[in-house]
Amino acid sequence: MTSPSSGALNSARISKLSDDSRHSGPTSGSSPDWRIWLGILLTAAWLLLGMNYVSANIGWDNFNQLPADELGSFLEGAFAPLAFLWLVIGYFLQQRELQQNSAALRAQAEEIQRTAEQAVIQSDKMSQTEMHARQQAFLTIAESVAQQLGTISGMLFLSSQAADEAGVVTQDEVNQLFTIRASQDNAVFSRRLLQLGNELSEQDGYALFYGTPIRARHSNHFVFAFERMMRRASELETEEMIRDTLLATAHAFLYSRIKRHQANAPAELADHAVTGLHFNM
């Protein structure tokens, strides 16, 4: 959309073009058209010739005594050429006026076209600005979701690998991993879980993600959060550059691994509506 000030400016510009077209040409200012001067001169010459003809051939006394029908016929014949002359002059003057009006309409049409093109350009710029703002907002949200996925994968790692759960990682190592996740790398637990999944058999890999109800809850929560983020990314852009970037992260690879084991889990463990998404601290 164009702003009110730009719309008023365009209206003033169109009005000025129309005024310029109406007042341009040979009759600009107060000077009459040359055809009018020609008509006046020819009319004056014709009247002088007529007066001379009456004076030389009829006489003014006899002219004044002519019957009404003869006087009418004489005047009709005398002024018919003048009527035709001014008819022709009027035709050319009207033609010139029509040309000026056509030029004014063309100028207005061109100005309207330029205004429409400017409106399209402004609309495209506004769309680009809106899209950029949406992308920036999504990137901020995606960063928050990545932090959330890092926390969920950390809880899943903790539930299976902590020493007090017969795991192989001490509490100090777990604390160190959480520190790394909070400070610089939110995908550290996702990579550790991927590494563990590669080292385990298919059955042990399933137990890593769905061996207990708590692990199933964390796994389903991870899948739910990642899929929700990917849906938003697909709705955001047509080229799917952001979506492709998200699919190249450790969280995306862990999501694929969890989905594979989720397909083999029983309904009470595979459905997040049953296991829930959140855990009580």
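Q: What makes the meeting of the Thr-43 and Trp-86 side chains a polar contact?
A: In this predicted model, the two side chains come to 2.9 Å from each other. The cut-off for a pair of N or O atoms is 3.5 Å, with one able to donate a hydrogen and the other to accept it, so the pair counts as a polar contact.

Q: How far apart are Thr-43 and Trp-86 along the chain, and how far in space?
A: Along the chain they are 43 residues apart, while their C-alpha atoms are separated by 9.1 Å. Beyond residues up to four places away in sequence, Thr-43 touches Leu-82, Leu-85 and Trp-86.

Q: Why is Thr-43 called buried?
A: Its relative accessibility is 16%. Buried means under 20%, so Thr-43 qualifies. You can find Thr-43 in helix 2, which covers residues 34–58.

Q: How do you know that His-261 is buried too?
A: Try the same test: His-261 has a relative accessible area of 2%, and the limit is 20%, so His-261 counts as buried. His-261 sits in helix 10 (residues 250–262). Leaving aside neighbours within four places in sequence, its contacts are Glu-202, Gly-205, Tyr-206, Phe-209 and Tyr-210.

Q: How do you know that the length of helix 6 agrees with what is expected?
A: Helix 6 (residues 188–199) has twelve residues, which should span 16 Å at 1.5 Å a residue. The end C-alpha atoms are 17 Å apart, so the two values agree. Buried residues in helix 6 include Val-188, Phe-189 and Leu-193.

Q: How does the reach of helix 4 compare with the expected value?
A: Helix 4 runs over residues 68–161, 94 residues in all. From first C-alpha to last it reaches 131 Å, close to the expected 140 Å.

Q: Where does helix 4 bend, and by how much?
A: The bend is at Phe-79 and comes to about 35°. A proline, Pro-81, follows within four residues.

Q: What makes a group of residues a nonpolar core?
A: The members must be buried residues of nonpolar kinds, such as Leu or Phe, joined through side-chain atoms within 4.5 Å. The largest such core here has 33 residues, and Phe-138 and Met-229 have the most contacts inside it. Helix 4, helix 6, helix 7, helix 8, helix 9 and helix 10 each supply at least two of its residues. Helix 8 gives the most, with nine residues. As a general tendency, nonpolar side chains in soluble globular proteins are buried together.

Q: Which residues does Phe-138 touch, not counting those up to four places away in sequence?
A: Phe-138 touches Met-229, Arg-232, Ala-233, Leu-236, Ile-242 and Leu-246.

Q: How many helices and strands does the protein have?
A: There are twelve helices and zero strands. Buried residues make up 31% of the 281 residues.

Q: Which elements have the lowest and the highest mean pLDDT?
A: Helix 1 (residues 4–23) has the lowest, at 50, and helix 10 the highest, at 93. For the protein the mean is 80, and 82% of residues reach 70 or more. Over residues 1–9, pLDDT stays under 50, and residues 24–29 also stay under 50.

Conventions
Residues are numbered from 1 along each chain as its sequence is written. Side-chain values use heavy atoms; hydrogens and water are left out. The expected span of a helix is 1.5 Å times one less than its number of residues. The bend at a residue is the angle between axes fitted to the seven residues ending there and the seven starting there. Buried means under 20% relative accessible area, exposed over 50%, partly exposed in between (1.4 Å probe, protein chains only). Contact means heavy atoms within 4.5 Å. pLDDT is the predictor's confidence in each residue, from 0 to 100.
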